[in-house]
Every structure is written in structure tokens, then in C-alpha cells.
Amino acid sequence: MTGPSPAARSTGIEPIAWAGNHLRLLDQTRLPLAEIWIDLHDHREVAAAIRDMRVRGAPAIGVAAAYGVVLAAQQISGRPFPEFRAELEQAILLLGRTRPTAVNLFWALERMRTSMAAARTPDEARARLLAEALSIHTQDIEANRRMGRHGQVLIPDGATVLTHCNAGALATAGYGTALGVIRAAREAGKHIAVVADETRPLLQGARLTAWELARDGIPTTLIADTMAGSFMQRGAVTCCIVGADRIAANGDVANKIGTYQVAVLAKEHSIPFYVAAPISTLDLSLSDGSLIPIEERSAGEVTRFAGVQTAPEGVSIANPAFDITPARYVTAIITERGVARPPYTSSLQALAAGMEHQR
Ligand code: MRU
């Protein structure tokens, strides 16, 4: 088995591939200057790749971690089943300690745990784990396609869509969430242009969103984060679409730092602000966004720009990687099961319960 079935292929960029006995990742720290694939044979390498953001974006992190569990299971040999399970659990815990905010990571690890619950031998467990990882991989692309179909009806022909960070093919197994909606709108024959925030400090908008949209020939204007308000003020933005790392039961959204200010600006200018995310990004166990853990990353990401020091030695640094956009700023949440509208406490619950729900 080498990856998702042909029917589920996104027909575009796919940053994650199962190569039969190991994992291949398109190294996102090297984009846009170089397209380098890395080969990972060990779950510790997968954990490091997630932590170092060679693979990033909530759904992509979940898919990569699932394959990390497969690699761990392949490497544990010659042990009785109880020891096999105990060692595998250590690997799952290690993968879970990489990035705290994207709930898709924990969702995928839990699916992997559950998939082998009925296994009675290491071989049986290995087979079930591989099947589950491949299914998580395939289902992510299918979910993005469905999300695109549900979401594209919200985007008018001729729209200019502002997005923040990268919620595209690179952040998923393929096609993307927010960028998937934009792709679907174009596939529906609409003329769509994109304004991409560069997304300091790690420049996912400049390095990744601008790169993947250019590859698809989607007209894109890259702006510094500080320019978004001005673009809205002069009528240059029709709507905003972003992804999410975790959505609480009340509809509060954790996403890349800077998303909150985009949402507040959008409200000020009466511009719709949409969030596109799979059901696996919902965390209905948390009543609101204040309970979502926010990853704090290293100071060097802020004090340096493209390897060059831009701040004085010894300055105090804060580097939260995500922020919380309160539900009141979110016009709608687009999922593969339909579009949720306020009040989110009931609409998200209904979608999570499996009810198709579109308004
Ligand atoms: O720190 P990153 O690059 O992993 O953050 C990514 C984002 O914030 C994305 O918007 C989010 O994960 C959704 S990806 C479909």
C-alpha cells in the first residue's frame, strides 16, 4: 500500500506520502526555495519533523502522526504482545508531546489507539494500524473536497478572498481547507482572487500559501500582516477564509496568531469571516476557547528574520503560535458535513453528531 486510493487523490500538491515501509514528507521549512522530500523511518523522526514544522497545519500533523505510530509498530520486534502495546503507547505519547494546539494530532493518535484495541498479536496490530493511517490520510482529502463543495457557495463570483497563514494542500493531506474552498469556487467557474497575509513570524502565508496558489495559477496578492485593515477599508476584500487548529463547543476558534485581528477588522468592515475546518478539528469537550492550550514557540522565531537577527540582544520575547477568535466574529464554520452558523453550541453539536446541516 502506498497512499490514498486514486479516487481520493486531490489532483494537486500532496505533502505526505506513505512509501510502502516509510513516510515521505515535503519539507515545508525549505519552501518556497527548494522542493525537498525527506524520508522518515522512525517515529522519533516524525515527532521531530512535526515539532520543527517540516510538516505543519492541523490535519497534516494528524496524518503524519498516524504514520509515526505505524513506524513505531514496525520497529518493535520480538516482544510479547503486552510489551509491544506498552512500547507503542510510549511512542504515541511522544508523538502527542510535539505540538499542543492542533487537536487533529490527538484525534488521530486516539484513532490509532482504538484501531488496534481488538488485535491479539503484534502482526495483527501492525496491519490494523497501517490500515487506519491510510484511512485517516484518504479521508482527509475526501473531507477537504466535500468542505470545498459546501463552502464555495458562500463565495461570490469575482470575490477577493483574504486568508491568513496556510490552510491549503500543504496543511492537509491535499486540496486544503480554506484554500480548498477557494479551489472549489474556481472549479465551479468563479473568478476568484486571493489576498494572502504573509503571517509573521514564520511566514506561512508568504512561503507556503503564495507558493501553492501560484502553482495552481490562482491570482494572489501577498501583503504584510499590517496591511490587512487598510485593504478592507478601501473595499479590496470581499470575504475572509481561514483554517483552524481547534474549535471549542461555543465556536471559538484557535488558529495561527494574527487570525483574531483579521476577524475583528472584518467585523468592523462588515466583511464575512469564514472558518473552514474538518469535524476532526472540533473539540466539543471544551466549552470555550479560553480552555484551548496555546503553543509558545522559541524566541528566535521573533528575534530573527530569514536567519538575520532583527532585535537587540536580551530583549524580552513572547511568541504564542496561535490566538483565539471569539465565536461572535465568525460568520460561519465550513465543515465536510455542512456549514454551521451561530449559535454554534447547537449547530456544531448537530454536525458532530453526523447530521448534514447546511443553510
Ligand atoms: O503553526 P502552523 O503552521 O502549523 O499553523 C497552521 C495554522 O494555523 C492553520 O491555519 C491551521 O492549522 C489549519 S490548516 C488546514
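This short talk describes two sheets and some of the helices in the structure shown above.

The model is predicted, so local features are reported at pLDDT of at least 70 and side-chain atom pairs at pLDDT 80 or more, while totals for chains, interfaces and linings use all residues. Residues are numbered from 1 along each chain as its sequence is written, and side-chain values use heavy atoms, with hydrogens and water left out.

I begin with the three-stranded sheet. Its strands lie in the order 1-2-3, the sheet is open and the pairing is antiparallel. Strands here are DSSP E runs of at least two residues, helices are H or I runs of at least four, and both are numbered from the N terminus. Two strands count as paired if DSSP finds at least two bridges between them. Strand 1 (16-18) and strand 3 (37-40) are the edges; each has a single partner strand, so one side of each is left without a neighbour in the sheet. Three bridges join strand 1 to strand 2 (residues 23-26), and Ile 16 stands opposite Leu 25 in strand 2.

Helix 2 lies across strand 1, strand 2 and strand 3, at about 25° to strand 1. Contact means heavy atoms within 4.5 Å; axes are lines fitted to C-alpha atoms, for helices over the stretch in contact, and angles run from 0 to 180 degrees between N-to-C directions. How many of the 18 residues of helix 2 are buried? The number is 16, where buried means under 20% relative accessible area, exposed over 50%, and partly exposed in between, with a 1.4 Å probe and protein chains only.

In the loop between helix 1 (43-51) and helix 2 we find Asp 52. Asp 52 counts as partly exposed because its relative accessibility is 41%.

I turn now to the second sheet. Seven strands form this open, mixed sheet in the order 6-5-4-7-10-15-16. Strand 6 (220-223) and strand 16 (338-340) stand at its edges, each with a single partner strand, so one side of each is left without a neighbour in the sheet. Within it, strand 4 (residues 160-163) and strand 5 (residues 193-197) run parallel and are joined by four bridges; Thr 160 has Ala 193 in strand 5 as its bridge partner. Helix 7 (residues 204-215) packs on this sheet, touching strand 4, strand 5 and strand 6, and its direction makes about 165° with that of strand 5. Helix 11 (residues 344-352) also packs on the sheet, touching strand 15 (332-335) and strand 16.
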